[in-house]
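Mentor: Please look over the model and its sequence, and then we can work through it together, question by question.

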Amino acid sequence: MWIGNLKATSKRKLELLSRHISTLSSPLVAARKKARTGARTTSTSKVSSPTSNLSFPENQTAVLDKYMPAIRTHEVRKAARKLIRNARIRKFESRKKTQRGRLHPRVIGKGFVNVGNSCYINAILQALVHLSPLAVDISDIYHEPSSCALRLSSKWCAMCALQSLVISRYQSFGTSRRKVPTVFTSHLPEYASSLTPGMQEDAHEFLSLVLSALQNAELGLDAISFGKSTEAQRDKTLVSQLFEGTLIRGIICSVCGSGRAMTEPFQNVGVSLSSLTVEESINGMVSEETIDHYHCEECNNRQEAYRRTELLSAPRVLIANLHRFSAYGEKVHDHIDLSTTLKLISTSNGAEALYQLQAVVCHTGMSTHNGHYYTYVKGFNGRWYLLNDHKTTRVEEDQMKQDPGSYLLFYTTDVSRLPSFEFLHTLKAARKLFRNARIRRRQARQNTHKQRFPRPIGKGFVNVGNSCYINAILQALVHLPLLAVNLSDLYHTPSSCPLRLSSKWCAICALQSLVISRYQSIRSSRRKVPKVFTSHLADYAPSLTPGMQEDAHEFLSLVFNALQNAELGLDANSFGQFTDAECKKTLVSQLFEGSLIRATICSGCNTGTTAVDSFQNVGVSLSSVTVEQSINGMVSEEILDEYHCEECDGPQEAHSRTELLSAPRILMANLHRFSTYGGKIHTQIDLSTTLKLISTSNGVESLHQLQAVVCHAGLNTNCGHYYSYVKGIDGRWYLFNDHKVERVHETHMRQDPGAYLLFYSTDVSRLPSFEFMNN
């Protein structure tokens, strides 16, 4: 009743709103005025609107008043749909025109989310992706992930990782203004083994490790390889051509005029805080001094000599490192004026290089191992922006120059060029070709291959040591036909899985392998060791101890979380790194998640509040006679005596009602077998094999059938034994007790005193297409 009242209220509001839109209803208003004045209108008169076939006889004002709101509401909705459709068409066409040529880059890139003391990573990456020469040279390399030697051998590649960040920085439109740089944060031990994940580290040290990983990636070596390439090979890499300059140091004897000279490459320049400006300190590289006791080989004696240092070749990107920290790691807070332009003259060709400041990495705190890092970058519009993790703020240039925490400065030449983005279009075209090839192969398999005839049940799982709770949950999941069907529709192949390509464990690939072995018609054994889950327990369930008995319900929740993260491309044990909208699109949410609507209405003023709660399992009290009776108890109504109404501004009597807004496709019921202290409750309850649930949103009645039951025998969650009952394709029930499988009667299953988790499913007649098995 209360939901119907809410819908009626919304309809009345829409009708009142439509009366104010005169542009849509002006012909009808004119007709109404004529009817009031008694003017006769012929039945053939037409009105220039979608309701032109309507005629208004004389003195029919009451009839016109009755139908006018509905007509106007229809006109408003129709016009609104037309406007939205036209806007979408225009937006789509503008995007197509933009993508035909060069993508118009954003003025500034996305903010990077701090995943736990990762501000030093975010600050350095923001500085690198906003350097125009680096983005241009990366686009000219044509280093594609599909042909990357490291990616093909399931290793991490720094070049591919940095390319993905540069692409997201230069895209003209995006779905979010923040990004988690998981391509670097999740692989920290692979290229920076000296740094500890989750701990604050020195940004300058991290930058050196990233540049070394980029060099190794271009040479086809592992990220942490040292000394495996020659100097000539390193000179040809992108890092050397961009960030490396050369100094020449010469010593000349004042007596005989002989001497020696040596060249020294550098990737960054140290800046002393005792200087007034950065330009003054950098120009101090070119120096000359007198040596009193120089041993001259020609004179074979100690003589006076002159030592001179000059700039042989200037780098295209100059990194200046301010000496902010002492030898003991303490912070030096002296202020120095930041020069926005630099002029360096190379001795080799006499050319003058003009540098412009593009990025500044700053530090606030007392030492390198605490505090916080942030970055200032210069956008394409010439303005400065502060990137503080995921927060992006436009600032004035004076604020950047007067910041007392400036630590690393990035000067570049030729800041006007932009990437050609041909490599971006190449990657998109390659993905399209691969997708079309997969579609053709799938269609060919549908025409040539016959569908395999599945077994009624799957294999038993071997207990590798207190792993019965893992076996019981996995047996229940792989014997849910609806889950198997949706897994086959994902087309999530291990060869294209981003987690598998980065040498990480993927929950979807692991579950798919078990589903495939469950439905295979030819088998070599009746038992199987689920190593894809038992051997990787620490990857997705770090709170559980291998070799120890654990709670099956807790294990199931961790498996669901790992499946959601795998579909979103995140690590298995990641928590809170995705939004609710992203979570709703995952397979777990679409299958196992339902929603309840709770409303409280004041009896005094008839106002109230509503809230929608999502759930993945339903608690079943053992005090009920049957499971169906307890689950239907979710839809309840009660009277509240002391409800504080905001409209009445005082305590009132209210009615609280809970209804099922949408039922899940697979309903999981959790019987309250264990008390808060972990003790077992042995009360028996009749298991309902069918459930009828009515959704309030659409009024549809869904019929759920019992497909699997996980049982427990023992005194508490940390001891005892788990086993499962599953329903085969032939409609019979089977008992899975680790590797032992036997057929049982339905009555035996319903009378089992250890029933703990129940799985009810809709649409149990469908079977997987098995196209993903043929891969």
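**Strands, cores and confidence**

Trainee: How many bridges join strand E17 to strand E21 (residues 650–662)?

Mentor: This is a predicted model, in which local features need a pLDDT (the predictor's confidence in each residue, from 0 to 100) of at least 70, side-chain atom pairs count only at pLDDT 80 or more, and totals for chains, interfaces and linings use all residues. Residues are numbered from 1 along each chain as its sequence is written, while side-chain values use heavy atoms, with hydrogens and water left out. Two strands pair if DSSP finds at least two bridges between them, and Ser595 of E17 stands opposite Ser662 in E21. E17 and E21 run antiparallel, and the number of bridges that join them is eight.

Trainee: Which residue in the turn between E17 and E18 has a positive phi?

Mentor: Strand E17 (residues 594–602) and strand E18 (residues 608–615) run antiparallel and are joined by eight bridges, with Gly594 opposite Phe615. E17 is also mostly covered, seven of its nine residues being buried (under 20% relative accessible area, with a 1.4 Å probe and protein chains only). The two strands form a hairpin with five residues between them, and the turn residue with a positive phi, about 60°, is Asn606.

Trainee: Why is strand E25 (residues 721–727) largely enclosed by the rest of the structure?

Mentor: On one side of the pairing record, E25 pairs with strand E24 (residues 701–713) in the antiparallel sense over six bridges, where Cys711 stands opposite Tyr723. E25 also pairs antiparallel with strand E26 (residues 733–737) over four bridges, where Lys727 stands opposite Trp733. E25 is largely enclosed because its buried residues number five of seven.

Trainee: Which strands stand at the edges of the open sheet that contains E3 and E7?

Mentor: This sheet has four strands in the order E4-E3-E7-E6, with antiparallel pairing. Neighbouring strands are turned by 25° against each other on average, direction ignored, the axes being lines fitted to C-alpha atoms, with angles from 0 to 180 degrees between N-to-C directions. Strand E3 (residues 245–253) and E4 pair over eight bridges, and the bridge partner of Leu247 in E4 is Glu264. Each edge strand has a single partner, so one side of each is left without a neighbour in the sheet; these strands are E4 (259–266) and E6 (287–296).

Trainee: How many residues are in the largest nonpolar core?

Mentor: A nonpolar core is a set of buried Ala, Val, Leu, Ile, Met, Phe, Trp, Tyr and Cys residues joined through side-chain atoms within 4.5 Å. Phe592 has contacts (heavy atoms within 4.5 Å), beyond four places in sequence, that include Leu477, Leu483, Phe560 and Phe615. Apart from this core lies another, of 57 residues, among them Cys148 and Cys160. Leu477, Leu483, Phe533, Tyr540, Phe555, Phe592 and Phe759 touch the most other members of the largest core, whose residues number 59.

Trainee: What is the mean pLDDT of the protein chain?

Mentor: Where pLDDT is low, the predicted coordinates should not be read in detail. Residues 1–11 stay under 50, with nine contacts beyond four places in sequence, and residues 20–29 also stay under 50, with 13 such contacts. Across the protein chain, 75% of the residues reach 70 or more, and the mean pLDDT is 77.

Notes: Buried means under 20% relative accessible area, exposed over 50%, partly exposed in between (1.4 Å probe, protein chains only).
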